[in-house]
Amino acid sequence: MKIYIAGPITKGDQFQNVRRASDVATLLLEMGHTPYVPHMTCLWHMIHPQSYERWLSFDFEWISVCDAVLRMDGDSDGADREVAFAKECNIPVFYRISDLCK
């Protein structure tokens with residue numbers, strides 16, 4: 001499945017958040033999935049900053065072509081909006097990697 005990883009990016013330690021999402025993506029890849037890691041846009045943003053709403057709109061486009069969303073734990077208004085968008089689009093949302101094995 002194509003799985004969008006939703007979780008904290010800017011709240012807390014940004015680089016630690018990117019690391020956590022990358023670790024999750026690696027696990028998903030090893031399980032045979034195709035993860036999308038929006039956290040990687042942090043590097044793009046450093047070079048070519050965009051508004052928060054523009055990035056979120058970009059994320060919604062990716063979510064709309066994914067088979068599922070995996071919501072990582074942690075406080076994130078953006079990830080909460082991504083989950084709401086996925087649910088509006090009838091895209092399944094998972095909260096644990098183990099749920100993808102069922």
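Which residues of the largest nonpolar core touch the most other members? The structure examined here is a predicted model, in which local features need pLDDT of at least 70 and side-chain atom pairs count only at pLDDT 80 or more, while totals for chains, interfaces and linings use all residues. Residues are numbered from 1 along each chain as its sequence is written, and side-chain values use heavy atoms, with hydrogens and water left out.

The strands, taken as DSSP runs of E of at least two residues and, like the helices (runs of H or I of at least four residues), numbered from the N terminus, form an open sheet of four in the order β2-β1-β3-β4, with parallel pairing; two strands are taken to pair if DSSP finds at least two bridges between them. The edges are formed by β2 (34-36) and β4 (93-94), each of which pairs on one side only. Strand β1 (residues 2-6) runs parallel to strand β3 (residues 68-71) and is joined to β3 by four bridges, with Y4 standing opposite V69 in β3.

Helix α1 (residues 14-30) lies across β1, β2 and β3 and runs at about 160 degrees to β1, where axes are lines fitted to C-alpha atoms, for helices over the stretch in contact, and angles between N-to-C directions run from 0 to 180 degrees. Helix α3 (residues 52-63) also packs on the sheet, touching β1, β2 and β3 (contact being heavy atoms within 4.5 Å), and its direction makes about 150 degrees with that of β1. Between α3 and α4 the packing angle is about 35 degrees, with the axes 10 Å apart. In this interface Y52, E53, L56, D59, F60 and I63 of α3 meet D77, G78, R81, E82, F85 and A86 of α4.

The largest nonpolar core, a set of buried Ala, Val, Leu, Ile, Met, Phe, Trp, Tyr and Cys residues joined through side-chain atoms within 4.5 Å, has 14 residues, of which Y4, I63, V69 and A86 touch the most other members. At least two residues of this core come from each of β1, α3 and α4 (77-88), and α4 gives the most, with four. When neighbours within four places in sequence are left aside, A86 is in contact with I63, V69, I91 and V93. A second, separate core of eleven residues includes I5, A21, V24 and M72.

Six aromatic pairs are counted under the rule that rings of Phe, Tyr and Trp (its six-membered ring) pair if their centres lie within 6.5 Å, with planes under 30 degrees apart counted as stacked, over 60 as edge-to-face and the rest as tilted. Y4 and Y36 form a stacked pair, at 5.7 Å centre to centre and 25 degrees between the planes, which links Y4 in strand β1 with Y36 in strand β2, 32 residues apart. Y4 counts as buried because its relative accessibility is 0%, and Y36 is likewise buried, with a relative accessible area of 17% (buried means under 20%, exposed over 50% and partly exposed in between, for a 1.4 Å probe and protein chains only). Y36 also forms a stacked pair with W62, at 4.7 Å centre to centre and 15 degrees between the planes, with Y36 in strand β2 and W62 in helix α3 lying 26 residues apart. W62 counts as partly exposed because its relative accessibility is 36%. Y4, Y36 and W62 form one aromatic cluster.
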